[in-house]
Amino acid sequence: ASVLAATWADGGKRLRYVDLVKVRRADLAIEELIDAFGVVAKDIKIGLRRVKSYIGADDFLVVFDNADDVGSDTAVLVDELVRLPAVRIVVTSRSPTWSAHEHVWMAPPMSLYDSEQLLRERCAVELEAGECRRICAALDGLPLAIELVAGRLATASVEDVAGGLASALPHVLTS
């Protein structure tokens with residue numbers, strides 16, 4: 001989502017990025033949207049109306065990132081905003097939002113090389129090439145899994161993490 005947003009912005013187009021990682025309810029998702037636009041309003045209906053007015057007929061991208069916990073509630077926001085003539089909306093989530101306007105694209109797993117690069121970037125400890133490759137292969141190149149393991153490596157040893165993966169995925173981490 002961040003690469004898409006950066007590419008859009010580099011083209012001189014307008015965008016707003018709304019991170020929903022900590023949001024659990026629809027009203028809070030609307031508040032995050034309103035905050036992303038810097039709108040001040042007494043209630044969320046007025047705030048949403050001001051956001052829509054701000055977007056207007058301009059070519060605009062709104063990215064709702066990490067909508068996993070409010071996916072179906074995000075559909076309400078999508079259905080509100082999609083009525084605007086030139087708005088584009090991207091929602092990242094592990095499951096569909098079920099908006100009538102939704103087109104679902106499944107992100108393919110990362111290559112082993114890219115997975116290793118991501119793990120090395122996010123990891124607080126130095127990993128040997130073999131360890132890094134085995135961990136990434138076990139995680140099937142899934143970026144979220146790699147992020148979670150990288151975070152775990154900040155508090156646990158490589159052996160403990162690899163051992164946990166080996167017990168959960170014995171067919172993958174054998175060598």
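pLDDT is the predictor's confidence in each residue, on a scale from 0 to 100. The model treated in these exercises is predicted.

**Exercise 1. Confidence**

Find where in the protein confidence is lowest and where it is highest.

Solution.
Step 1. Take the overall level: the protein has a mean pLDDT of 82, and 88% of its residues reach 70 or more.
Step 2. Go through the elements. Confidence is lowest in helix α1 (residues 2-10), where the mean is 67, and highest in α3, where the mean is 92.
Step 3. Look at residues 170-175, over which pLDDT stays under 50. For this stretch the model has ten contacts beyond four places in sequence.
Step 4. Draw the consequence: where pLDDT is low, the predicted coordinates should not be read in detail.

**Exercise 2. Order of elements**

State how many helices and strands there are in the protein, and which pattern they follow.

Solution.
Step 1. Count by type: the protein has eight helices and three strands.
Step 2. Read along the sequence, and the pattern is α-β-α-α-β-α-β-α-α-α-α.
Step 3. Add the contacts. Among those between residues at least 6 apart in sequence, 61% join residues at least 24 apart.
Step 4. Add burial: 33% of the 175 residues count as buried.

**Exercise 3. The strands β2 and β3**

Determine in which sense β2 and β3 pair, and which unit they make with α4.

Solution.
Step 1. Locate the strands: β2 spans residues 60-65, and β3 spans residues 87-91.
Step 2. Follow the pairing. The two strands pair in the parallel sense, over five bridges.
Step 3. Pick one bridge: F64 has V91 in β3 as its partner.
Step 4. Include the helix. Together, β2, α4 and β3 make a β-α-β unit that is right-handed.

**Exercise 4. The nonpolar cores**

Name the residues that touch the most other members of the largest nonpolar core, and the element that gives the most to this core.

Solution.
Step 1. This core has 21 residues, and those touching the most other members are L20, L33, F37, I55, V62 and F64.
Step 2. Assign elements. Two or more residues come from each of α2 (26-36), α3 (44-55), β2 (60-65) and α4 (71-81).
Step 3. Compare the contributions: α2 gives the most, with four residues.
Step 4. Follow one member, L33. Residues up to four places away in sequence aside, L33 touches V18, L48, V51, V62, F64, L77 and L81.
Step 5. Turn to the second core, which is separate and has 17 residues, among them L127, I146, V149 and A150.

**Exercise 5. Three residues around the start of α5**

Decide for S111, S115 and E116 whether each counts as buried or partly exposed.

Solution.
Step 1. Place the residues. S111 is in the loop between β3 and α5, S115 is in helix α5 (residues 112-122), and E116 also lies in helix α5.
Step 2. Apply the cut-off: buried means under 20% relative accessible area.
Step 3. S111 has 35% relative accessibility, so S111 counts as partly exposed. S115 has 1%, so S115 counts as buried. E116 has 8%, so E116 counts as buried.
Step 4. Examine S111. Its side chain reaches the backbone nitrogen of D114 at 3.0 Å. S111 and A137 are 26 residues apart in sequence, with their C-alpha atoms 9.3 Å apart in space.
Step 5. Examine S115. Leaving aside neighbours within four places in sequence, S115 is in contact with M110, C136, G141 and I146.
Step 6. Examine E116. Not counting residues up to four places away in sequence, E116 touches C132, R133 and C136. With R133 there is a polar contact between the two side chains, at 3.2 Å.

**Exercise 6. Positive phi**

Find where N66 and D140 lie, and what value phi is near in each.

Solution.
Step 1. Recall the background: most residues other than glycine have a negative phi.
Step 2. Place the residues. N66 lies in the loop between β2 and α4, and D140 is in the loop between α6 (129-138) and α7 (143-152).
Step 3. Read the angles. Phi is near 65° in N66, a positive value, and near 55° in D140, also a positive value.
Step 4. Add accessibility. N66 has a relative accessible area of 26% and is therefore partly exposed. D140 has 53% and is therefore exposed.

Key. Residues are numbered from 1 along each chain as its sequence is written. This is a predicted model: local features need pLDDT of at least 70, side-chain atom pairs count only at pLDDT 80 or more; totals for chains, interfaces and linings use all residues. Side-chain values use heavy atoms; hydrogens and water are left out. A nonpolar core is a set of buried Ala, Val, Leu, Ile, Met, Phe, Trp, Tyr and Cys residues joined through side-chain atoms within 4.5 Å. Buried means under 20% relative accessible area, exposed over 50%, partly exposed in between (1.4 Å probe, protein chains only). Contact means heavy atoms within 4.5 Å. Two strands pair if DSSP finds at least two bridges between them. A crossover is right-handed if, with the strands pointing away from the viewer, the path from the first strand over the helix to the second runs clockwise. A polar contact is a pair of N or O atoms within 3.5 Å; within protein, one must be able to donate a hydrogen and the other to accept it, and residues adjacent in sequence count only if both atoms are side-chain atoms.
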